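This briefing goes with the sequence and structure shown below. Please keep both in view while reading the points that follow.

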Amino acid sequence: MVSVSVSPSLTSSARSASSPAYVSPHTPDAPASPASVAAPTQADLLDFVRRTAADEALIASLPLDPEGRTWVRLEGPGGSEAWLIGWPPGSGTGWHDHADSVGAFLTARGTLKEYSLAARLPTDGWRTLELTDGVDRSRALPAGRGRSFGRHHVHEVLNESAEEHAVSVHAYYPPLPRIRRYSRTGQVLRLEQVESPEDWQ
C-alpha cells in the first residue's frame with residue numbers, strides 16, 4: 001500500500017490489484033451528504049470527472065503499477081462515490097454493471113476502450129441471456145473524452161495499449177450498492193457473481 005497526500009479531495013490510500021474493478025465504497029471519514037443537497041445527475045457527474053481529470057497534479061500523484069490497476073477514492077459531488085484509477089497496459093474490468101447507480105467516467109491520460117450493450121437487461125431472476133444482433137457498441141476514449149451512463153449499464157473498460165498506462169476518473173450515484181459481473185461467449189451473457197459492499201471490505 002502506498003500513502004499519498006496531494007489534495008483535500010483525495011483519500012490517504014492507494015491500492016493495487018490485477019482483477020477487481022473497484023474497491024470498497026465505504027470511507028468511514030466521508031462526510032454525510034446534507035439532506036438539502038440535490039442528488040447529482042449524470043451531467044453533474046460528467047462535469048465532475050471532467051474538472052477532476054484536468055487537475056494535472058492530482059492525476060500525476062496516482063502511483064502506477066505495471067502489474068495491476070491502482071486507485072484512490074475521491075470526494076465526489078453530492079455524496080457520490082468517486083475514484084481515480086490507473087490502468088497498466090492490457091488491463092481491464094471484464095463485463096459488469098453498477099446496478100442502480102448512474103455514473104460517468106473520463107480518461108485523463110492514455111486511451112481507454114469501452115465495450116457496452118445497447119440493451120436494457122432484466123435486473124433480476126436470470127443467469128444466462130442470449131443477446132440479439134446489433135446490441136454491441138464500442139468507443140475509444142482518449143485523454144479528455146468520457147461518457148455518462150444510466151442505471152444497469154452493462155460494459156467493460158480496457159486499456160488496449162501494449163505500452164502506455166491510462167488514468168481515468170469515475171463517479172457514481174448513489175454509491176455503488178452492488179456490482180454484477182458477467183462472462184460472455186459470443187452472444188451469450190452469463191451472470192457470474194453479484195458483489196455487495198461487504199465483499200469489498
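Strand 2 (residues 69-75) and strand 3 run antiparallel to each other and are paired over six bridges. The model is predicted. The points below take strand 3 and its partners, then the chain as a whole, then one arginine in a loop.

**Strand 3 and its partners**

- Within the pairing of strand 2 and strand 3, L74 has A82 of strand 3 as its bridge partner.
- The two strands make up a hairpin, with five residues lying between them.
- In the turn of this hairpin, G78 has a positive phi of about 60°.
- Strand 3 also pairs with strand 11 (residues 166-173), again in the antiparallel sense, over seven bridges.
- Opposite W83 stands H170, a residue of strand 11.

**Burial of strand 3**

- How many of the seven residues of strand 3 (residues 81-87) are buried? Seven of the seven are, so the strand is largely enclosed by the rest of the structure.
- Burial here means under 20% relative accessible area.
- Both faces of strand 3 are covered. On one side the buried residues are E81, W83, I85 and W87, and on the other they are A82, L84 and G86.
- A82, the bridge partner of L74, and W83, the residue opposite H170, are therefore both part of a strand in which seven of the seven residues are buried.

**The chain as a whole**

- The secondary structure of the protein chain consists of three helices and 13 strands.
- The protein chain has 201 residues, and 47% of them count as buried.
- Taking contacts in the protein chain between residues at least 6 apart in sequence, 77% join residues at least 24 apart.
- The protein chain has an accessible surface of about 9600 Å², and carbon and sulfur atoms account for 49% of that surface.

**R151 in its loop**

- R151 lies in the loop that runs between strand 9 (146-149) and strand 10 (155-158).
- Is R151 buried, partly exposed or exposed? Its relative accessibility is 47%, so R151 counts as partly exposed; the partly exposed class lies between the 20% and 50% limits.
- Which residues does R151 contact, apart from its neighbours within four places in sequence? They are A99, D100, S101 and V102.
- With D100 there is a specific atom to note: the side chain of R151 reaches the backbone oxygen of D100 at 3.0 Å.
- R151 and Y173 are 22 residues apart along the chain, and their C-alpha atoms are separated by 9.6 Å.

Technical notes: Residues numbered from 1 in each chain as written. Predicted model: local features only at pLDDT ≥ 70, side-chain atom pairs only at ≥ 80, totals over all residues. Heavy atoms only, no water. Buried < 20%, exposed > 50% of the residue type's maximum accessible area, 1.4 Å probe, protein only. Helix = DSSP H or I, 4+ residues; strand = E, 2+ residues; numbered from the N terminus. Pairing = 2+ DSSP bridges. Contact = heavy atoms within 4.5 Å. Areas by Shrake-Rupley, 256 points an atom, 1.4 Å probe, with all protein chains shown as cover. Polar contact = N/O pair within 3.5 Å; in protein donor to acceptor, adjacent residues only side chain to side chain.
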